[in-house]
2 protein chains.
Amino acid sequence: MAATTRLTMDKTKMSLAHDVGQQINSTAFSINGRDYHPPAVPMAVICIDGCADEYLAISLAKGVMPRLAKMLESGHRSLVRGALPSFTNVNNSAIVTGCPPAKTGIGGNYIIDPHTGQEVMTNSSKFLKLETILAAAANAGRKVAMVTAKDKLRELLSKNMNGIAFSTEKADELNVEVNGIDDIVSQVGPRPEIYSADASLYVLRSGVYLIESGLADFCYLTTTDYMQHKFAPEAPESLEFYRGIDAEIGRLLDLGCVVAATADHGMNAKCDLDGNPNVIYLETELVSKFGEGIQVICPITDPYVVHHGALGSAVTVYLPNHIDANEVANWILSLDGVAEVHQKHSAVSKLELPADRIGDLFVLSTRDFVIGRTRQHHDLSQLAGQLRSHGGRYEEMVPLLLSHPLNDVYYKKSQGDPRNFDIFDFACNGVVVTTN
Amino acid sequence: MAATTRLTMDKTKMSLAHDVGQQINSTAFSINGRDYHPPAVPMAVICIDGCADEYLAISLAKGVMPRLAKMLESGHRSLVRGALPSFTNVNNSAIVTGCPPAKTGIGGNYIIDPHTGQEVMTNSSKFLKLETILAAAANAGRKVAMVTAKDKLRELLSKNMNGIAFSTEKADELNVEVNGIDDIVSQVGPRPEIYSADASLYVLRSGVYLIESGLADFCYLTTTDYMQHKFAPEAPESLEFYRGIDAEIGRLLDLGCVVAATADHGMNAKCDLDGNPNVIYLETELVSKFGEGIQVICPITDPYVVHHGALGSAVTVYLPNHIDANEVANWILSLDGVAEVHQKHSAVSKLELPADRIGDLFVLSTRDFVIGRTRQHHDLSQLAGQLRSHGGRYEEMVPLLLSHPLNDVYYKKSQGDPRNFDIFDFACNGVVVTTN
């Protein structure tokens, strides 16, 4: 497929927006136990990284998202439950497969690899245990494109995918072999800095371009949460960012897309009233109380430390054999700022985590606390301003937005306990698309 | 005070809306460890029973709450954490005292009274361990009124309060001795049925009347969740109900009020895709597994069974001495539909519950499940339509709405982990009221 990309682009460059739908393959496909019946119009499924529902509520209240407001008059909005721990790799992997972490194998951005015993980032498709909806859609004849902000997600999520896949972060280093396209900057603009609002807006603009040009008709666009880590929903910077998101959603709607959006996780302030971070350095505490050999892994850890200093609302704890897990669990639960402590069996059954890639305990913090390892593991000097983060139960519920009304079956599904990783199911099977 | 009510009413009947503020006592007062500085304008603090944030999101999206939409352009909206279990008496008691259940003593609508061993409803101020903000405001010279939908809350919440207190449910049975007023129906209209939208709207209309007439300038208005139990946010009946709420909020704003609104709890559908209730009959399960003598108490139980059939998302379990709490806790946690199981110590420290009024275990269900006692304890035939209910973690987060912007200190407070029972604090101390 890759080799023909440039040709395809040239052929379709002049196609008009309202003609796009006519060329679209709507062959059904099945993957990971579900059937998908994509509509014969372009689809843009968006993961707005860190988009707690409050960002939408405030942005709509302040009038900076007029296109979304209009879309919701006839479309769908509700809350869906994400995967725990509420981190980026975990939820993006769940979304592109339609399955929880116990099945994807991705229960953190950062894990101890059970085969090597080494601490590693899960930024590789070798850790993803399932095939993806994106790959299956491409195999069924859709023109698939996946655009990420952070390059860490690009290879992971485009596993075995025949189509276009690139990141904002490396938008100026594309080649057809790897990315299915060798130029984006001449069309969408120069590569923005990764620590910027534009890093995310560029993802959406790329989606608009790919659909408008006919290069793609089945897109997964996943942004970065730099802005949400840095700014509360009411901040002028947030409002400006969401105004930008709204404009791109508007362009996708103008192209006749089914637009579906959710988030990988929410976001909460993690500070006391003076602005100091509320942090539990859990490994330090545990070693002091129970002795050496206890290891705390922070699954939020990724290469982008300015966001959060590797401090999130969930950690996993590895215990030496001689230490009683029950006793340690009860002691951790007694700490202020800890909301839940799961032993491995309930981490697997209740949090849907992969048993082989977590420790003996899994710990979730309260709404305003984060959990770290030791003070030395976290460089707080890199945090720009207030600490805002995610990973726990209080960042689990996220919005589901659909440009079209739901059919009866999926309206019922939207009640109860729908998940953010049902979004392709909702977008393919759940919406009523009336073509003129 | 009661004896003078009628005279006061006559005197003030002709006061114009824009004059109301001029007569208002803004003396500060302290209660339960907090200082309150009420503004010199009328205040209406509203608890919209069962108002999950989705009700507002959808109602705003569909354009049925234009006054709220306008209010939020300059006012405040965020999410606050309610008290667990997320039930009505628990959260109303917390709101009127500014304290969690561990301090109010009200950890359920229905408890085992530790003094008698009997199962009782907590619809009496004798169970409330604290004095209220309402009573303190009245003592400081405010004209306080409290209007409830259900009469069960009226006596509980008006403990030692010198002012007006009545319920929609008994609006045609008022007398000055008990209610501080002997006529409302001639002004607000005939008493509506308790199972109706009007039961709640009547509460708000009463507040409008009491403020407009000068009878009150510090109101707590608390509605009933019949509509939310019965209808999802998108249902036409819900939209019509919220249109009605919006109109009354608009009237309060026109009277120059500081309007503050929150909810006691959210609301979720508790059914499978065929509409059958997802119920765990926990006492039946436990007796079958561990033997006789185990007792499950459903703290949602109240006299209004049409709402929910006494099925909610939280129960407490009393164990005979010979049964190991840890073993039972682990077994309960293994059940599908159970999210969290707390033993007494963590129910007290993490859920802030009163130790003397709960059992040995406290159990919270998942988003789409409820927990009952035995099949015989729950009359599902009375449920009208789909089961929607509350009581657990997934009904814990609720909206906070304020008509005025927050000052800097309370904006910081609104980040982090603010609570629904901080609402009087926010309304008295947190808003910037500019008087012309």
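Strands here are DSSP runs of E with at least two residues, numbered from the N terminus. The model is predicted.

**Exercise 1. Place N32(A) in chain A and describe its backbone and exposure.**

Step 1. Find the flanking strands. They are β1 (29-31) and β2 (34-36) of chain A, and N32(A) sits in the loop between them.

Step 2. Check phi. N32(A) is not a glycine, yet its phi is positive, about 50°.

Step 3. Judge exposure. The relative accessible area of N32(A) is 26%. Buried means under 20% and exposed means over 50%. N32(A) is therefore partly exposed.

**Exercise 2. Is A310(B) buried or exposed, and where does it lie?**

Step 1. Locate the residue. A310(B) is in the loop that runs between β13 (295-297) and β14 (314-318) of chain B.

Step 2. Read phi. The value is near 60°, which is positive, and A310(B) is a residue other than glycine.

Step 3. Apply the cut-off. A310(B) has a relative accessible area of 8%. Buried means under 20%, so A310(B) is buried.

**Exercise 3. Which residues does a cis peptide bond join in chain A, and which in chain B?**

Step 1. Take chain A. The cis bond links L84(A) to P85(A), with omega about -10°.

Step 2. Place the proline. P85(A) belongs to the loop between β4 (76-81) and α4 (88-97) of chain A.

Step 3. Turn to chain B. L84(B) and P85(B) are joined by a cis peptide bond, and omega is about -10°.

Step 4. Place this proline too. P85(B) falls in the loop between β4 (76-81) and α4 (88-97) of chain B.

Conventions: Residues numbered from 1 in each chain as written. Chains lettered and ligands numbered in written order. Predicted model: local features only at pLDDT ≥ 70, side-chain atom pairs only at ≥ 80, totals over all residues. Heavy atoms only, no water. Helix = DSSP H or I, 4+ residues; strand = E, 2+ residues; numbered from the N terminus. Buried < 20%, exposed > 50% of the residue type's maximum accessible area, 1.4 Å probe, protein only.
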